[in-house]
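Trainee: Could you take me through one part of this model, slowly and in detail? I would like to see how two packed helices meet and what lies around them.

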Amino acid sequence: MHWTQAQRAAKMNPSVIREILKVTEKPGIISFAGGLPSPRTFPVAAFREACDKVLREDGSAALQYAASEGYAPLREMVAAMLPWDVDPAQVLITTGSQQGLDLIAKILIDAGSRVLVETPTYLGALQAFTPMEPEVVGVASDAEGVDLTDLAAKAAGARFFYVLPNFQNPTGRTMSEERRAALSAEAARLGLPIVEDNPYGDLWFDVPPPLPLTARNPEGCVYMGSFSKILAPGLRLGFLVAPKALYPKLLQAKQAADLHTPGFNQRMVVETMKDHFLDRHVPTIRALYKSQRDAMLAALKREMPDDVSWNTPDGGMFLWARLPEGMSAVALLPKAVDKNVAFVPGAAFYADNADERSLRLSFVTASIEQINTGVAALATAIRESRPAQARATTNAGVPSSQTWAGEPASPGRRRGALSEASEPHALGSVGANSVEAQ
């Protein structure tokens with residue numbers, strides 16, 4: 001039998017991170033690759049109690065078909081959690097926030113439509129947008145967020161700008177208050193809708209991030225959130241908040257996709273979140289992830305050559321690093337795996353003009369002992385893989401003079417100019433269009 005596939009199917013690519021995760025199943029591999037929350041944070045006991053109560057008191061309804069909009073008490077909880085006035089009727093419960101991206105793509109993107117994204121951006125968004133055959137355009141970004149001059153230059157005809165302001169995947173950066181205010185005003189001036197994705201916003205370490213973009217202009221934004229990082233990803237529970245003019249079409253796309261998100265899971269989460277459970281639970285996640293981030297920063301400072309640079313995220317799950325000139329993270333990966341450590345090459349996160357020297361390191365699923373061992377192994381792989389001229393320069397003790405997008409480098413906290421773009425790199429099996437699930 002010959003199956004004729006749609007043209008858009010040819011544009012779909014395998015997930016680079018899923019492929020790397022297969023490698024990490026090898027015994028002894030320390031993985032800084034996957035964007036997975038730590039299983040140590042999953043509230044198994046609370047879930048057990050909630051499941052028992054839901055089945056005992058509301059089992060028949062929980063196991064029946066349900067409303068496509070979502071379970072009303074959960075929609076009300078979501079609306080109450082957000083820092084602006086939200087009507088629960090504008091909340092749509094999704095099967096993971098990844099489905100939210102898929103629904104947005106289906107109702108807002110035509111073939112050839114321009115879609116703007118940060119540089120770099122979340123791979124799962126590229127995966128969701130690609131089947132609709134858009135023109136995805138990267139907007140220059142620095143340590144404080146999007147470059148507004150570049151945004152304005154590229155905004156003409158764009159359907160929306162997709163952005164992750166808090167502890168972004170992959171870079172870990174957080175958009176400053178000043179940049180958010182300016183972006184909100186500029187997007188309104190340009191008539192440019194914003195799709196704001198915020199799966200990591202609750203995972204701040206010392207200070208909460210600034211107010212969401214959507215809170216500043218609710219009618220000009222679609223806001224997306226997730227329970228994957230604060231409860232558990234296996235629940236596949238996310239949500240979006242949409243303007244009333246857009247909501248009906250998102251709901252229709254949801255109905256066509258899967259009818260509804262599992263009602264049992266929704267009821268179980270409502271039961272779990274009663275009595276301010278998240279107020280007690282989420283701080284334990286923050287404390288754990290902060291200790292792991294600190295361990296990775298200390299190990300990087302201790303082990304890495306002087307001309308490797310990285311940032312210091314204020315929350316979330318990732319940090320962003322840059323290799324010395326002349327090196328490729330894609331070429332480095334198999335050599336690192338040979339030393340039992342894995343990471344994600346950064347080029348896969350770019351819509352265009354990929355930076356082949358960048359890489360993403362996740363710090364939340366490895367123990368502190370594994371972080372120390374893995375970073376040391378990665379540093380050894382870098383030293384052994386670097387071009388001969390670069391080795392000679394480093395051996396001569398010449399430090400790097402790079403800065404992180406205009407920020408001065410400081411002792412023990414090397415920063416690279418990670419907003420600088422290089423020519424597109426031939427990635428082979430780890431392609432720039434390959435993507436992961438959030």
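Mentor: Happy to! Start with the crossing: H11 passes H13 in a right-handed crossing. Keep in mind that this is a predicted model. Helix H11 covers residues 277-303 and helix H13 covers residues 368-385. Their axes lie 9 Å apart, and the packing angle is about 30 degrees. Angles under 35 degrees count as roughly parallel, and therefore H11 and H13 are roughly parallel to each other.

Now look at the side of each helix that takes part. From H11 come Ser291, Gln292, Ala295, Met296, Ala299, Leu300, Arg302 and Glu303. Facing them in H13 are Ile368, Ile371, Asn372, Val375, Ala376, Ala379 and Arg383. Sorted by character, the residues of this contact are 9 nonpolar, 3 polar and 3 charged.

Next, follow Leu300, one of the H11 residues in that contact, because it leads us to an empty space: Leu300 also lines the second largest cavity. The model has 2 cavities of 30 Å³ or more, and the second largest has a volume of about 30 Å³. Along with Leu300, its lining is made up of Met304, Val308, Ala321, Leu323, Leu359, Leu361, Leu378 and Ile382. Strand E15 (358-362) and H13 are the elements that give two or more residues to this lining. As for character, the lining has 9 nonpolar residues, with no polar and no charged ones. The contact of H11 with H13, by comparison, includes 3 polar and 3 charged residues.

Terms used. Residues numbered from 1 in each chain as written. Predicted model: local features only at pLDDT ≥ 70, side-chain atom pairs only at ≥ 80, totals over all residues. Heavy atoms only, no water. Axes fitted to C-alpha atoms, helices over the stretch in contact; angles between N-to-C directions. Helix = DSSP H or I, 4+ residues; strand = E, 2+ residues; numbered from the N terminus. Parallel < 35°, antiparallel > 145°, perpendicular 65-115°, else oblique. Left-handed = near helix turned anticlockwise from the far one by under 90°. Contact = heavy atoms within 4.5 Å. Nonpolar A, V, L, I, M, F, W, Y, C, P; charged D, E, K, R; others polar. 1 Å grid on protein atoms, 1.4 Å probe; cavity = no way out; pocket = protein on both sides within 12 Å on 5 of 7 lines; lining within 4 Å. Points joined across faces, edges and corners; volume = space filled by probe spheres on them.
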